[in-house]
Amino acid sequence: MQVAMIGLERMGGNMAHRLLSAGHECVVYDAVPANIARLTQEGAQGASSLEDLVSRLQTPRVCWL
């Protein structure tokens with residue numbers, strides 16, 4: 001399953017980490033680039049903007065805010 005995660009602080013970052021660990025594909029975005037970089041090292045796809053995030057998602061799009 002492919003999921004977009006917006007907001008990667010404590011809660012969003014941990015949820016994205018757990019989804020990646022379970023084998024899901026995550027596209028991630030946050031206002032703090034270091035949060036994106038941390039999750040891309042774990043295998044997530046980092047997005048540079050909300051528009052970029054949406055363009056990386058397959059339909060039907062699933063986004064967790």
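**Helix α2 and the parallel sheet**

On the side of helix α2 that faces away from its buried residues lie Pro-33 and Ala-34, both exposed. The model in which this helix appears is a predicted one. The opposite character belongs to Asn-35, Ile-36 and Leu-39, which are the buried residues of α2. Viewed along the axis of α2, these buried residues fall within an arc of 100°, so they line one face of the helix. This arrangement can be set beside a general property of helices. An α-helix has 3.6 residues a turn, so residues three or four places apart point the same way. The packing partners of the buried residues of α2 are helix α1 and the strands β2 and β3.

The two strands just named also frame α2 along the chain. Strand β2, helix α2 (residues 33–40) and strand β3 form a β-α-β unit of right-handed sense. Between β2 and β3 (residues 45–46) the pairing is parallel and comprises 2 bridges. Within this pairing, Val-27 is opposite Gln-45 of β3, and Val-28 is opposite Gly-46 of β3.

Strand β2 takes part in a second pairing as well. With strand β1 (residues 2–6), β2 pairs in the parallel sense over 5 bridges. One position of this pairing is given by Ala-4, whose bridge partner in β2 is Val-27. Val-27 is also the residue that stands opposite Gln-45 in β3. A right-handed β-α-β unit is formed here too, by β1, helix α1 (residues 10–21) and β2. As for its surroundings, β2 (residues 25–29) is mostly covered, with 4 of its 5 residues buried.

These pairings belong to one sheet. In general, the strands of a sheet pair through backbone hydrogen bonds, in either a parallel or an antiparallel manner. In this model the sheet is open, contains 4 strands in the order β3-β2-β1-β4, and has parallel pairing. Its edge strands are β3 and β4 (63–64), each of which pairs on one side only. Helix α1 packs on this sheet and touches β1, β2 and β4. The direction of α1 makes about 165° with that of β1.

The description thus returns to its starting point. Helix α1, which packs on the sheet, is also among the elements against which the buried residues of α2 pack, while Pro-33 and Ala-34 remain exposed on the face of α2 turned away from its buried side.

Key. Residues numbered from 1 in each chain as written. Predicted model: local features only at pLDDT ≥ 70, side-chain atom pairs only at ≥ 80, totals over all residues. Heavy atoms only, no water. Buried < 20%, exposed > 50% of the residue type's maximum accessible area, 1.4 Å probe, protein only. Pairing = 2+ DSSP bridges. Right-handed = clockwise from strand over helix to strand, strands pointing away. Contact = heavy atoms within 4.5 Å. Axes fitted to C-alpha atoms, helices over the stretch in contact; angles between N-to-C directions. Arc of directions from axis to C-beta.
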